Amino acid sequence: MKYPKLFSPIALSPACVLKNRIVKTGQSTWRWNQDGSAQDSAGEDLYENIARGGAAAVIIGGCAIEDTPGIYLGLWDDKFIPGLRHLADKVHKYDCRIFAQFHHSGPAAWPRLGALPISSSSLGLDEIPMKPPLANPCREMTLEEIREKQRQIVEACVRADQGGFDGMEIHVAHGYLLNSFVSRVWNHRTDEYGAQNVENRTRIVREIFEEARRRCRPGFVLGVRMNGREYGADGAITLEEAVENARAFEAMGAQFINVAGYGYGEAPFRYCPDYFPYPDPEDFMKPYMEAYRGKGLWTDSASRIKKAVSVPVITAGRMNEDLAEKILEDGDADIIGIGRGLWADPEMPRKILEGRPEDIVRCTRCASCEDPVTQPRICRVNPSLGREKEMDMSPAATKKKVMVIGGGPAGMEAARVAALRGHEVTLYEKTGALGGRIRLASMIKGCEVENVMPIYDYLTTQLRKIAVTVKLNTTVTRELVLREKPDAVVIAASSEYAIPEIPGIHSSKVFTIKGLSRLAALPLRLFGPELLAKLSHIFLPVGKRVVVLGGQIEGVQGAVFLKKRGRDVTIVEEGENWGAGIPERYFQRIGPWFRRKNIRVLTGTKAEEITKEGVRVRSADGKVSVLSCDSVMVLMPQVASHAFAESLKSVIGEVHEIGSALGADNGLLKHALHDGRAVGCRI
Ligand SMILES: Cc1cc2nc3c(=O)[nH]c(=O)nc-3n(C[C@H](O)[C@H](O)[C@H](O)COP(=O)(O)O)c2cc1C
Ligand code: SF4
């Protein structure tokens, strides 16, 4: 077997043995019933699917200990116990263990009805380590409030136990309630719950453990999730403090320790250990780039903590099977936590075990699952996440002949799913290669943080495996459709990108997305996006001063790319807002980076003419000026044309338009894959 360590069992207690080392880490899904119950909810389907996929345990993040705004799994009332049992039974069917992780946001909670969120200490706006809404001015909990929260957490443990769960992960990590006691970033108390020493700062957790242990079955496992390190704030937990905390948690009875981390600051990475290098890491994160590129940001701390305790230690963050096996082999951790990877592909463990890595859909680290944070989670590469029943891929009742037009991600996904369901599918692509503009996008985005190429590799491999007929270099006309007589046509061809019809637009200093695609097509195929991105630091046929027309995702990502290659960049955007299409997490980081790098974004500004000197623009108040530049990049969104679809509707029974065929609002990869999957399931 290729991954002997990863697929070896491990015991958390004599009664709780994990069949392998892969554990789904807690992630709030917002997929429960509106009242917080589990039974027959989308959340239940989601976790059953992950259990079926072969993980040894799932940790259900986002379980509320009190009635909380948002869609959390309810643990605050006995009425939830039957639903918990229903969920636990579904997960247990697959020899998968189920743990709850209670959630209380503490200082990260939204202020409710004007009341400040609670925390270990009172902190004002100028004292909190992140700006609202990620953290808020907060007020110190009284001793009575501490008792009340402890009581609620213990009650939640008891209900999880009575609901058939195998255990509870006590959430002492991230920037939430219990972490506000163990971290000196938050805890300025001077009483016995203060951060003066390890005994005091972990006291609140110890008292919870003592009471929960007394009230739950002996076999009910109690573990801890903790920050192995914090970054970017005064008083941030150091590794030495974390080791002390871990020893204290073990002494109070923790049966496993799940090591995470947390980033504060102007554009905080918070609990995801991988968005911080985009566009550049802050100075305080630069020392951690080696760990990031190696075994992951948190494995370093997990490894040190593992040496200090004897209970199993979990590490997480951008794990794949090779890295996981190495970490286990080297003794850096005992269990591998996977969060987003199991959203991207719930069947990942089974596919690894069966030696089918090419069938795994990899997380592309796009941050769409948090865009925005307060909504039912979606996954860009797994549109079925949380919609397992809705997007059912079971065989079609009637086999149909299907023409899919456009070999970009939307067309490939539609063809894949329709063929899997038993249809006779032909995929037509007018150029000589599948993938649409995915290689160009990958080169511009870079591959270190967000990485879109694995989805291309996955889709092309699957099309080969399922034997979908692919016709390259074939432009589909109405005549061809009429000759083929399909039952259904899916139009997934990319719409044209907008180009302003202004004087000078056809001059040689102007680059369009279409032109760039043509220019880069061969080098991209020869070198691949990653190498070409590196080579473009040495040679890029673009002048020193660049004006980018278009301030939405295309223009902004283009501007980052150009700035990193030493160009002076100004963005001109006609609308009032910029950055549409960029997930919140990335956008939060781009704004400060643009300021540091002097990238100007002129919103409400219209380009009127491109001259030898530069671009003549008119601002919203009518002021005309010339932006001197050597090159102009037109990086504007797409504009849909429905003419072809309309021309087919009278002669073909089913005509579907998907992805960027529908224009800018549907032009992102997440739309492409969603639409492809949805139409593939529907035909
Ligand atoms: C949308 C989202 C929600 C999350 N919610 C939680 C949570 O409720 N509790 C928790 O401990 N971690 C949470 N995390 C962190 C994950 O458990 C995990 O540690 C992190 O994503 C890194 O692992 P990964 O690279 O495998 O995703 C969340 C992460 C994401 C992306
Ligand atoms: S939405 Fe993006 S970051 Fe989140 S799990 Fe899916 S691919 Fe990964």
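The legends below describe close-up views of a predicted model.

**View 1. Cavities in the whole structure.**
A search of the whole structure turns up five cavities of 30 Å³ or more. The largest holds about 80 Å³ of space. The second largest holds about 60 Å³. Both appear again in the views that follow.

**View 2. The largest cavity and its lining.**
Lining the largest cavity are 14 residues. Nearest its centre lie Arg 340, Cys 363, Cys 366, Cys 369 and Cys 379. By class, the lining of this cavity has nine nonpolar, two polar and three charged residues. The space is not left to the protein alone: ligand 2 takes the largest cavity.

**View 3. Ligand 2 and its shell.**
Ligand 2 has 13 residues around it. Cys 363, Cys 366, Cys 369, Cys 379 and Arg 380 come nearest to this ligand. The shell around ligand 2 divides into eight nonpolar, two polar and three charged residues. Cys 363, Cys 366, Cys 369 and Cys 379 are also named among the residues nearest the centre of the largest cavity, the space that ligand 2 takes.

**View 4. Ligand 1 and its shell.**
Around ligand 1 there are 22 residues. Those that come nearest are Gly 26, Arg 225, Arg 318, Gly 339 and Arg 340. By class, the shell of ligand 1 splits into seven nonpolar, 10 polar and five charged residues. Arg 340 also belongs to the lining of the largest cavity.

**View 5. Polar contacts of ligand 1.**
Three contacts are shown here. In one, an oxygen atom of ligand 1 is 2.6 Å from a side-chain N or O atom of Arg 340. In another, an oxygen atom of ligand 1 lies 2.8 Å from a backbone N or O atom of Arg 318. The third involves a nitrogen atom of ligand 1, which is 3.3 Å from a polar backbone atom of Ser 28. Taken alone, ligand 1 exposes 610 Å². The protein buries 98% of that area.

**View 6. The second largest cavity.**
Leu 134, Arg 270, Glu 370, Val 373, Glu 584, Arg 585 and Gln 588 line the second largest cavity. By class, this lining has two nonpolar, one polar and four charged residues. The cavity has about 60 Å³ of space.

**View 7. The cis peptide bond at Pro 372.**
Asp 371 and Pro 372 are joined by a cis peptide bond, with omega near -5 degrees. Pro 372 sits in the loop between helix 12 (348–353) and strand 14 (401–405). In the numbering, Glu 370 and Val 373 flank this pair, and both are in the lining of the second largest cavity.

**View 8. The cis peptide bond at Pro 279.**
The bond between Tyr 278 and Pro 279 is cis. Its omega is about -15 degrees. Pro 279 lies in the loop that runs between strand 11 (257–263) and helix 8 (289–293).

**View 9. A positive phi at Asp 95.**
Asp 95 is not a glycine, yet its phi is positive, at about 55 degrees. The loop that holds Asp 95 lies between helix 2 (81–92) and strand 6 (97–103).

Methods
Residues are numbered from 1 along each chain as its sequence is written. Chains are lettered from A and ligands numbered from 1 in the order in which they are written. This is a predicted model: local features need pLDDT of at least 70, side-chain atom pairs count only at pLDDT 80 or more; totals for chains, interfaces and linings use all residues. Side-chain values use heavy atoms; hydrogens and water are left out. On a 1 Å grid over the protein atoms alone, a cavity is a set of points where a 1.4 Å probe fits but cannot get out, and a pocket is an open set with protein on both sides within 12 Å along at least five of seven lines; lining residues have an atom within 4 Å of a point. Grid points are joined across faces, edges and corners, and a volume is the space filled by probe spheres set on the points. Ala, Val, Leu, Ile, Met, Phe, Trp, Tyr, Cys and Pro count as nonpolar, Asp, Glu, Lys and Arg as charged, and the others, Gly among them, as polar. A residue is near a molecule or strand if one of its heavy atoms lies within 4 Å of it. A polar contact is a pair of N or O atoms within 3.5 Å; within protein, one must be able to donate a hydrogen and the other to accept it, and residues adjacent in sequence count only if both atoms are side-chain atoms. Accessible areas come from the Shrake-Rupley method with a 1.4 Å probe; for residues, only the protein chains shown count as cover. A molecule sits in a cavity or pocket if more than half of its atoms lie within 2 Å of its grid points. Helices (H or I, at least four residues) and strands (E, at least two) are DSSP runs, numbered from the N terminus.
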